[in-house]
Amino acid sequence: MIGQLEFYWDVHLWPRLQGLTDEEYLWEPAEGAWTVRRDSIGRIAVDHEEPVPDPPPVTTIAWRLVHIGVSCFATRVSAFFGDGSVPDDADMFDPRHIPAELPGTAADGLAFLEHWYHRWIEAIRGLSEDELNQPLGPKGAYFADDTMLALIALIAHVNRETIHHGAEISLLRDLHRAGVAG
């Protein structure tokens with residue numbers, strides 16, 4: 001299952017992201033699209049509402065790229081392989097795992113995604129078969145009884161989430177290039 005994500009990254013997603021411009025990154029293909037933008041104190045924030053509207057808003061490449069970087073990789077690296085800067089009582093959904101600095105440009109977005117992807121891959125590649133098959137425990141929240149292998153591929157579907165949003169990013173790039181108006 002680890003190889004599936006690596007193959008997708010190396011052959012499909014990462015090559016498709018090369019040359020991403022700020023115009024594409026922040027292009028809002030529909031009115032009311034969710035994106036990343038500066039908040040009242042000047043930090044980059046990701047648009048979001050709870051509960052998520054039905055249907056959810058269209059999102060920008062920036063929103064999806066940051067979503068993959070944060071939700072698929074960074075928060076899980078922090079929760080399960082972190083440096084101890086987040087308290088042990090924080091499960092993988094705790095917002096304290098979200099990196100303080102989020103990317104507002106295409107170049108920063110690509111660097112952010114690449115950094116967290118490699119941290120995730122290195123961490124899970126370093127697990128033994130026994131570690132892959134151990135329950136996540138409290139850090140897994142409502143997936144506590146599931147294994148790390150299940151987190152990677154089956155239950156929380158890191159691979160499928162990455163592939164799903166990566167395909168949407170590719171489609172948005174195609175639509176932008178084709179000059180499709182919002």
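## Overall dimensions

A compact globule of 182 residues would be expected to have a radius of gyration near 16 Å, and the protein agrees with this because its own value is 17 Å; the radius is taken over C-alpha atoms, and the globule rule is 2.2 Å times the number of residues to the power 0.38. Along the principal axes, the C-alpha trace spans about 50 × 40 × 30 Å.

The model is a predicted one, in which local features need pLDDT of at least 70 and side-chain atom pairs count only at pLDDT 80 or more, whereas totals for chains, interfaces and linings use all residues. Residues are numbered from 1 along each chain as its sequence is written, and side-chain values use heavy atoms, with hydrogens and water left out.

## Secondary structure and contacts

The protein contains 7 helices and 2 strands, which follow the pattern α-α-β-β-α-α-α-α-α along the sequence; helices (H or I, at least four residues) and strands (E, at least two) are DSSP runs, numbered from the N terminus. Among the contacts with a separation of 6 or more, 68% are between residues 24 or more positions apart, a contact being heavy atoms within 4.5 Å.

## Surface and charge

Of the 182 residues, 46% count as buried, where buried means under 20% relative accessible area, exposed over 50%, and partly exposed in between (1.4 Å probe, protein chains only). The protein exposes about 9,600 Å², of which carbon and sulfur atoms supply 54%; these areas come from the Shrake-Rupley method with a 1.4 Å probe, and for residues only the protein chains shown count as cover.

The protein has 13 positive and 29 negative charges, and their mean positions are 3 Å apart. Lys and Arg count as positive and Asp and Glu as negative, while His and the chain ends are not counted; each charge is placed at NZ of Lys, CZ of Arg, CG of Asp or CD of Glu.

## Helix 3 and the loop before it

Helix 3, formed by residues 61–81, bends by about 35 degrees at Val70, the bend being the angle between axes fitted to the seven residues ending there and the seven starting there. Helix 3 is also mostly covered, with 19 of its 21 residues buried.

The loop between strand 2 (44–46) and helix 3 holds Pro51 and also Pro55. The peptide bond from Glu50 to Pro51 is cis, with omega near -5 degrees, and a cis bond likewise joins Asp54 and Pro55, with omega about 0 degrees.

## Ala141

Ala141 lies in the loop between helix 5 (129–132) and helix 6 (148–154), and has a positive phi of about 55 degrees although it is not a glycine. Ala141 counts as partly exposed because its relative accessibility is 23%.
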